[in-house]
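Student: I'd like to learn how to read the contacts between parts of a model. Could we go through one together?

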Number of protein chains: 2
Amino acid sequence: MDDILLMLPGPTTVHPRVLNAMSKAVVNHRSAKFGEILTETTQLMSEVFQTPNKSYLITGSGTAAMEAGIANTVAPGEKILNVVGGKFGERFMKIANANGIETKELAIEWGTAVSPKQIEEALNADEDIKAVSVIHNETSTGVTAPIEEIGKIMKNYDALYIVDTVSSLGGDKVDVEKFGVDVCLTGSQKCIAAPPGMAAITLSDDAWKAVDKVENNTYYLDMKAIRKSGDKIPPETPYTPSVSLVYAMNEALKIIKEEGLNERIARHHKAAKASVSAVKALGLELFADEAVSSATVTAVKMPEGISDSEFRGTVRGKYGVELAGGQDHLKGNIFRIGHMGNISYKELLQTFGAIGMTLKGFGIIDDAGAGVASITESYL
Amino acid sequence: MDDILLMLPGPTTVHPRVLNAMSKAVVNHRSAKFGEILTETTQLMSEVFQTPNKSYLITGSGTAAMEAGIANTVAPGEKILNVVGGKFGERFMKIANANGIETKELAIEWGTAVSPKQIEEALNADEDIKAVSVIHNETSTGVTAPIEEIGKIMKNYDALYIVDTVSSLGGDKVDVEKFGVDVCLTGSQKCIAAPPGMAAITLSDDAWKAVDKVENNTYYLDMKAIRKSGDKIPPETPYTPSVSLVYAMNEALKIIKEEGLNERIARHHKAAKASVSAVKALGLELFADEAVSSATVTAVKMPEGISDSEFRGTVRGKYGVELAGGQDHLKGNIFRIGHMGNISYKELLQTFGAIGMTLKGFGIIDDAGAGVASITESYL
């Protein structure tokens with residue numbers, strides 16, 4: 001089981017240094033020692049978010065941080081504009097609905113990206129919109145939204161700018177301060193490459209003002225409580241945190257710092273470019289528009305003549321590489337290659353080697369080696 | 001830092017087997033392999049809850065499960081009776097309030113236990129009460145509530161019986177089926193002795209009927225979604241779980257099974273009895289009524305002539321034992337000894353040795369050895 005290469009859009013293969021960090025003895029979460037680790041970890045988190053503001057950790061999945069981000073900044077009955085071009089865009093809307101927030105959907109064809117102009121038009125058409133939610137990297141379709149350009153539009157409006165960077169932060173450019181993002185959130189198990197189970201969030205001054213006004217419906221995810229504990233010296237969390245995952249995040253963020261954030265992002269883009277070239281070389285088709293294809297996950301149309309279970313089952317069972325399938329209506333129609341975290345040419349060689357051999361094995365293609373050859377060309 | 005003995009009411013010292021389990025490679029949370037681990041873990045969880053019903057894991061602290069337990073079974077505007085005799089009783093009430101539920105407080109003096117009769121009277125006085133929340137083991141005061149006897153009363157009423165066993169399950173008797181508990185929840189880091197960050201919950205048929213009727217305000221903690229994913233074959237979680245903590249829970253629950261649940265509970269009671277005897281032998285006073293003093297945490301009044309920071313600072317700094325202080329208005333007035341998880345006479349000897357030497361060092365007592373002598377007598 002340990003020999004499977006995870007090429008999923010999360011969780012990703014975790015570095016042994018990070019796994020080892022988790023096996024350290026658990027300390028008291030109300031101790032000065034833990035406060036030191038938490039201080040360092042949240043500071044490293046803010047560096048990756050590229051914000052002068054504080055970051056806060058939440059024990060839970062990225063979805064918990066999505067809910068914390070919306071339910072604390074938009075009041076029940078207020079209106080949010082949700083950009084929906086995939087499963088996670090939908091999730092933001094469902095979360096808003098669950099919290100009694102009025103939602104307005106800006107529907108985008110799955111596989112394409114929202115344009116800043118569409119958001120500008122939606123904001124001009126309805127001055128009651130209090131916030132806009134955008135998924136930076138729509139994991140379900142492999143599409144990246146232009147959050148820097150959208151940020152330029154958002155600066156002309158009072159609405160809060162809420163961005164989910166769960167599957168992009170640490171692998172693609174996210175400059176919270178420069179882009180003017182008011183609420184930015186992420187998860188531990190994607191490009192940060194720690195195990196799943198921890199989320200992080202950072203808020204702008206405007207977002208905190210909204211938090212102070214909103215009467216939310218949540219206790220566990222109440223940002224006022226999270227801020228109150230997090231701003232103590234030494235900092236704490238309001239409820240017992242996953243101490244071991246804080247160790248893991250701490251180590252994973254140190255690895256990011258050692259590599260350099262810009263170098264890491266460039267490495268992810270290089271992997272994405274190589275993956276796209278290999279997909280084409282194998283005669284396969286991208287699901288996402290190439291111009292907006294993600295730096296961290298490549299979605300590919302399932303070729304005719306082979307089923308999802310035959311394809312991914314063989315890639316995994318025979319060649320030890322785990323790929324993701326499609327979600328919801330894309331189930332069976334696409335497969336997704338996550339290239340997040342600690343990924344270099346060698347994992348892509350194994351992945352496209354496995355894909356090429358599988359497709360040739362089923363008689364779908366003639367040249368099993370075109371993908372891997374393209375990876376070497378791309379990395380040269 | 002690894003040499004500190006944690007005698008806290010959570011987190012507790014984690015067995016090396018459990019720490020090692022966490023350092024296994026992370027697998028895909030949507031894989032058959034993870035489904036097997038999740039199936040086994042939730043079955044082991046149901047054995048500890050002593051219920052024929054399914055258990056579900058939630059990535060989050062025990063507080064997340066408290067919110068899931070209330071927000072899904074009592075609708076906004078409906079009424080809940082909250083037994084409040086400490087910080088966690090209060091928390092249940094705050095959670096209910098945050099979710100728009102009307103609360104009725106049954107206030108109990110901190111350090112004492114609620115009686116079944118008080119609950120019966122409160123139910124007779126108000127037929128609108130839809131649920132009653134009880135903390136089995138009030139970690140903040142070291143008091144155990146008589147949940148078996150309360151259960152006998154609850155059988156005569158329609159109200160749901162919601163019991164928090166965060167700091168008791170696995171260390172004191174909790175028989176969900178026999179006691180007629182409708183919603184039972186716990187955390188990973190107390191008597192189960194896994195690291196913090198994971199919670200578990202189980203619901204009766206009546207509780208599930210309520211879930212199907214209630215329109216809740218929560219997305220991350222929505223029990224309908226948790227059930228839908230958990231009942232798949234193989235089972236899943238609706239959002240990415242903390243895979244590493246599921247490994248840890250799995251191993252910790254296997255350790256419980258190897259020891260035997262009844263044997264483990266007896267061991268906790270033995271440790272509690274020895275602790276109480278040692279407290280008295282040192283001339284100290286219990287905070288809780290002795291008759292209802294907890295099997296898993298002993299709360300002790302801080303003796304005159306020494307401050308909390310002098311006392312606990314020395315016990316930790318000089319002797320390497322970490323005790324908990326009081327919470328809220330009990331801060332500085334009590335200290336708490338957690339004897340949860342993997343605790344035997346030897347940890348209690350170290351603990352009461354450290355307490356005795358510290359108190360004698362500050363001139364509070366004459367006989368530093370009375371506590372440890374009492375531990376040996378008690379264990380003989």
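Tutor: Sure. Let's begin with buried area, which is the accessible area (1.4 Å probe) that two parts lose on being put together, summed over both. The size of an interface is often given this way, as accessible area lost when the parts come together. As for ground rules, this is a predicted model, where local features need pLDDT of at least 70 and side-chain atom pairs count only at pLDDT 80 or more, while totals for chains, interfaces and linings use all residues. Residues are numbered from 1 along each chain as its sequence is written, chains are lettered from A and ligands numbered from 1 in the order in which they are written, and side-chain values use heavy atoms, with hydrogens and water left out.

Student: Into which domains is chain A divided?

Tutor: Domain bounds come from an automatic or database domain assignment. Here, domain 1 of chain A covers 5-9 + 260-378, and domain 2 covers 16-259. Their centres, taken over C-alpha atoms, are 28 Å apart.

Student: How much area do domain 1 of chain A and domain 2 of chain A bury between them?

Tutor: About 2,300 Å², with 53% of it on carbon and sulfur atoms. On the domain 1 side, Leu261(A), Arg264(A) and Gln327(A) lose the most area to domain 2, together 24% of what that side buries. Counting contacts (heavy atoms within 4.5 Å), 28 residues of domain 1 of chain A touch 31 residues of domain 2 of chain A.

Student: How many salt bridges cross the interface of domain 1 of chain A and domain 2 of chain A?

Tutor: The rule asks for a side-chain nitrogen of Lys or Arg within 4 Å of a carboxyl oxygen of Asp or Glu. It finds 3 across that interface. Have a look at Lys87(A) and Asp328(A), a salt bridge whose closest N and O atoms are 3.4 Å apart.

Student: Which elements of domain 1 of chain A give two or more residues to the side that touches domain 2 of chain A?

Tutor: Helices (H or I, at least four residues) and strands (E, at least two) are DSSP runs, numbered from the N terminus. The elements in question are helix H11 (261-281), strand E11 (297-301) and strand E14 (334-338) of chain A. H11(A) gives the most, with 7 residues.

Student: Now the two chains. What rotation superposes chain B on chain A?

Tutor: Copies are superposed by least squares on the C-alpha atoms of residues with pLDDT of at least 70 in both. A 180° rotation with 0.0 Å of shift along its axis puts chain B on chain A, at RMSD 0.0 Å. That is the relation of a two-fold axis. Gly60(B) is the residue of chain B that comes closest to the rotation axis, at 2.6 Å (C-alpha).

Student: How many residues of chain B are in contact with chain A?

Tutor: 50 residues of chain B, touching 49 residues of chain A. 98% of the interface residues of chain B are also interface residues in chain A, so the copies meet through the same surface. Chain B and chain A bury about 3,900 Å² between them, 65% of it on carbon and sulfur atoms.

Student: And how many salt bridges are there between chain B and chain A?

Tutor: The count there is 0, against a total of 44 over all chains. For one inside a chain, try Arg312(A) with Asp308(A), closest N and O atoms 2.8 Å apart. Both sit in helix H12 (residues 308-317) of chain A, 4 residues apart, about one turn of the helix.
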